[in-house]
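Here is a set of short exercises to work through with the model open beside you. Take each task in turn, try it yourself, and then follow the steps.

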There are 2 protein chains.
Amino acid sequence: MPVGTRAAVKALRSGDLKGLDAKIILGNTYHLYLRPGNQIMGQMGGLHQFMSWDRPILTDSGGFQVFSLKDLCKVREEGVEFQSHIDGSRHRFTPENVVETQRAIGSDIAMVLDECPPALSTLGEHRQSMERSMRWARRAKEHHQRTPFLYGARQALFGIAQGGLDHDLRRQSAEALMEIGFDGYAIGGLAVGESTEVMYEVVERLAPQLPADQPRYLMGVGTPQNLLECVARGVDMFDCVMPTRNARNGTVFTWRGRLNLRNALHRADTSPIDPDCTCETCANYSRGYIRHLFNVDEMTGCTLATIHNVAFYLNLMTATRQHIQAGDFGAWMRQTITQMERPE
Amino acid sequence: MPVGTRAAVKALRSGDLKGLDAKIILGNTYHLYLRPGNQIMGQMGGLHQFMSWDRPILTDSGGFQVFSLKDLCKVREEGVEFQSHIDGSRHRFTPENVVETQRAIGSDIAMVLDECPPALSTLGEHRQSMERSMRWARRAKEHHQRTPFLYGARQALFGIAQGGLDHDLRRQSAEALMEIGFDGYAIGGLAVGESTEVMYEVVERLAPQLPADQPRYLMGVGTPQNLLECVARGVDMFDCVMPTRNARNGTVFTWRGRLNLRNALHRADTSPIDPDCTCETCANYSRGYIRHLFNVDEMTGCTLATIHNVAFYLNLMTATRQHIQAGDFGAWMRQTITQMERPE
């Protein structure tokens, strides 16, 4: 899922996302709650109509952003109080009102509010936090069942497994969520500073414990390699700012690894970013041109690099699905990762 | 002509310009000479190939930008010496090397180097400057005839009439240019601080003195009203950053006047920028959405507003041509201007 934090995938318009054949995008509840706010969002007919996007949208719960505010947030059993990063105004997110905000947004998939503890918390702190997140998950589910769908559309609700890097806590969290019952199950609290190998291990142990016939969603991950490795371990869905944020810094992904287009090396290069890519950028524009646009600070450079990176991620997942169906995913994945990591 | 200063119309990609059916765009020789520079431009196959734009391009001579550097430029008979606004490096533009730079760019229409004196110069200074510009125009024409076309394409060369606000000087300039003989004739040195009425008067006196069967081009003008008033006085071509620059500030043009989309007034407005417009922006996105994008600093807002403003200017000129052919241009123009200037 490309990330459309504030009702736009940065540097793109919704028509571009359709041109890229993105099947679903992510919106950030924290940002949309602050601006434009639930009232305007409701008056505008929800996020689909607001941003002119008629395909699925998943919204996070806002928890991750609120807990990233650190000292500006305070957690209680009822919910979490925080100050806006924009104007310092005080707000509260509860499992219930976060459901209501996502109703106002009208996303197709809503996420429960979860506590996102600091990565370096003790085992005891992780246990307390996970258990609270499970109580919140139950409250979210109950409130979701009580509140009406808006804009005439159904809305799925996903639970989020927490528990840090401890396999027992993760298992208990998964069981608590399945006991409540959700439309899909996410793995939260990873990619927060632990090593890639540790992340893979948590996913490898946890994913098979989640229902095989429902979506498993690894939140906030990751590099192309991360995606393939986690698909191999049972994950179905991902979101990450990596393709869009890197693009705006001039870093683009290819089947042969990353390139930094700001590098003067590319200044007279008439070849496309990736000769194996058929995106609008690679079909029409050279590395030399995009390098020039970054060099002179033309925002068009960000747009062209973003189109390519989003296309690359979507193509990577399309190829993944094809190779899973063909039965050769494992071999293809090893070969693809080797090719991406080969030094130029 | 939308202005593509540094090999991109700001906030757009070349595919967007094609979608807007722009027939010709302008590139700035000063900026392209500095970055990417003539050597890279040549290696990349010229500006058309560089920016993936296969329709006509007009390049200015760079004179206007160099003389805008004021104390950082020094004019002599040979040409003008200046320091780059980017790194202070020293350069010289001459009538001859500016032709060569435009050959390297491979524009379809090149402009001669002209001196652009300060608006408040004395009549004597304007005369000296105009006479030098005419000597430069002759040198440019001669050099243009001596140097080969690059990339297999023909390149037209336009002269530029100067002479400040003095009708006699302007007439002498026009006669000198026609004596040399160009593919088209531009009016330079206007829209530099004089009143609109004074500008109209200079155009009204000068345009009929230029050949009726060749393009007359008023450089750097202007508002929608300016364009119509100057078409009425005999002008065929314009370029201006107004539609693109205003768009990036949230100001959009409509058949009922300008709007500032940053205004909170628009925050829950589900209507398009202009109900009479069929551009991609008006067909898909509301004022409320674009207002939100500006409010949260998403560059997509700049792109959507730019698409509309460029579409508006192109539509204005399309309608102008249609009404000229229908024989009712004058009446239509008065009505259109009245409607644009009516207070909301």
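**Exercise 1. The contact between the chains**

How many residues does the contact take from chain B, and how many from chain A?

Solution. Keep in mind that this is a predicted model.

Step 1. Count each side: chain B supplies 33 residues and chain A supplies 34 residues.

Step 2. Look for the elements behind the chain B side. Those that give two or more residues to it are α3 (38–43), α4 (47–51), α12 (280–284), α13 (287–295) and α14 (299–326) of chain B.

Step 3. Pick out the main contributor: α13(B) gives the most, with 5 residues.

Step 4. Sort the chain B side by character. Its residues divide into 16 nonpolar, 10 polar and 7 charged.

**Exercise 2. The symmetry of the pair**

Find the rotation and the shift that superpose chain B on chain A.

Solution. Start with the general idea: two copies of a chain are related by a rotation about an axis and a shift along it.

Step 1. Here the rotation is 180 degrees and the shift along its axis is 0.0 Å, with an RMSD of 0.0 Å.

Step 2. The two copies are therefore related as by a two-fold rotation axis.

Step 3. Locate the axis from the chain B side. The residue of chain B that comes closest to it is M299(B), whose C-alpha lies at 3.9 Å.

Step 4. Compare the two surfaces. The same surface serves both copies, as 100% of the contact residues of chain B recur in chain A.

**Exercise 3. The overall form of chain A**

Work out how the radius of gyration of chain A agrees with that of a compact globule.

Solution. Begin with an inventory.

Step 1. Chain A has 15 helices and 12 strands.

Step 2. For 344 residues, a compact globule would have a radius of gyration near 20 Å; chain A has 20 Å, so the two agree.

Step 3. Along the principal axes, the C-alpha atoms of chain A fill a box of roughly 60 × 45 × 40 Å.

Step 4. Turn to the inside: 48% of the 344 residues of chain A count as buried.

Step 5. Check how far apart in sequence the partners are. Of the contacts in chain A between residues at least 6 apart in sequence, 67% join residues at least 24 apart.

**Exercise 4. The nonpolar core**

Which residues touch the most other members of the largest nonpolar core?

Solution. Go from the whole core to one residue.

Step 1. This core has 192 residues, and L218(A) and L218(B) touch the most other members.

Step 2. List the partners of L218(B), leaving out residues up to four places away in sequence: I187(B), L190(B), V203(B), C230(B), V235(B) and F238(B).

**Exercise 5. A long helix**

Test whether the length of α14(B) agrees with its number of residues.

Solution. Compare the expected span with the one in the model.

Step 1. At 1.5 Å a residue, the 28 residues of α14(B) should span 40 Å.

Step 2. The end C-alpha atoms of α14(B) are 40 Å apart, so the helix agrees with the expectation.

Step 3. See what comes next: G327(B) follows α14(B) and has a positive phi, near 85 degrees.

Step 4. Now visit the matching helix in chain A, α14 (residues 299–326), where L316(A) lies. With 18 C-beta neighbours inside 10 Å, L316(A) counts as partly exposed.

Step 5. Beyond its neighbours within four places in sequence, L316(A) is in contact with P224(A) and L227(A).

**Exercise 6. Unusual backbone angles**

Where do cis peptide bonds and positive phi values at residues other than glycine occur?

Solution. Recall first that most residues other than glycine have a negative phi, and most peptide bonds are trans.

Step 1. In chain A, a cis peptide bond joins V221(A) and G222(A), with omega about 5 degrees. G222(A) sits in the loop between β9 (216–218) and α10 (224–232) of chain A.

Step 2. In chain B, V221(B) and G222(B) are joined by a cis peptide bond, with omega about 10 degrees.

Step 3. A7(A) is not a glycine, yet its phi is positive, about 70 degrees. A7(A) lies in the segment before α1 (14–19) of chain A. With 26 other C-beta atoms within 10 Å, A7(A) is buried.

Step 4. A191(B), also not a glycine, has a positive phi of about 55 degrees. A191(B) is found in the loop between β8 (184–187) and α9 of chain B. A191(B) has 19 other C-beta atoms within 10 Å, so A191(B) is partly exposed.

Terms used. Residues are numbered from 1 along each chain as its sequence is written. Chains are lettered from A and ligands numbered from 1 in the order in which they are written. This is a predicted model: local features need pLDDT of at least 70, side-chain atom pairs count only at pLDDT 80 or more; totals for chains, interfaces and linings use all residues. Two residues are in contact if their C-beta atoms, placed from the backbone, lie within 7 Å. Helices (H or I, at least four residues) and strands (E, at least two) are DSSP runs, numbered from the N terminus. Ala, Val, Leu, Ile, Met, Phe, Trp, Tyr, Cys and Pro count as nonpolar, Asp, Glu, Lys and Arg as charged, and the others, Gly among them, as polar. A nonpolar core is a set of buried Ala, Val, Leu, Ile, Met, Phe, Trp, Tyr and Cys residues joined through C-beta atoms within 7 Å. A residue is buried if 20 or more other C-beta atoms lie within 10 Å of its own, exposed if 12 or fewer, and partly exposed in between; C-beta atoms are placed from the backbone. Copies are superposed by least squares on the C-alpha atoms of residues with pLDDT of at least 70 in both. The radius of gyration is taken over C-alpha atoms; the globule rule is 2.2 Å times the number of residues to the power 0.38. The expected span of a helix is 1.5 Å times one less than its number of residues.
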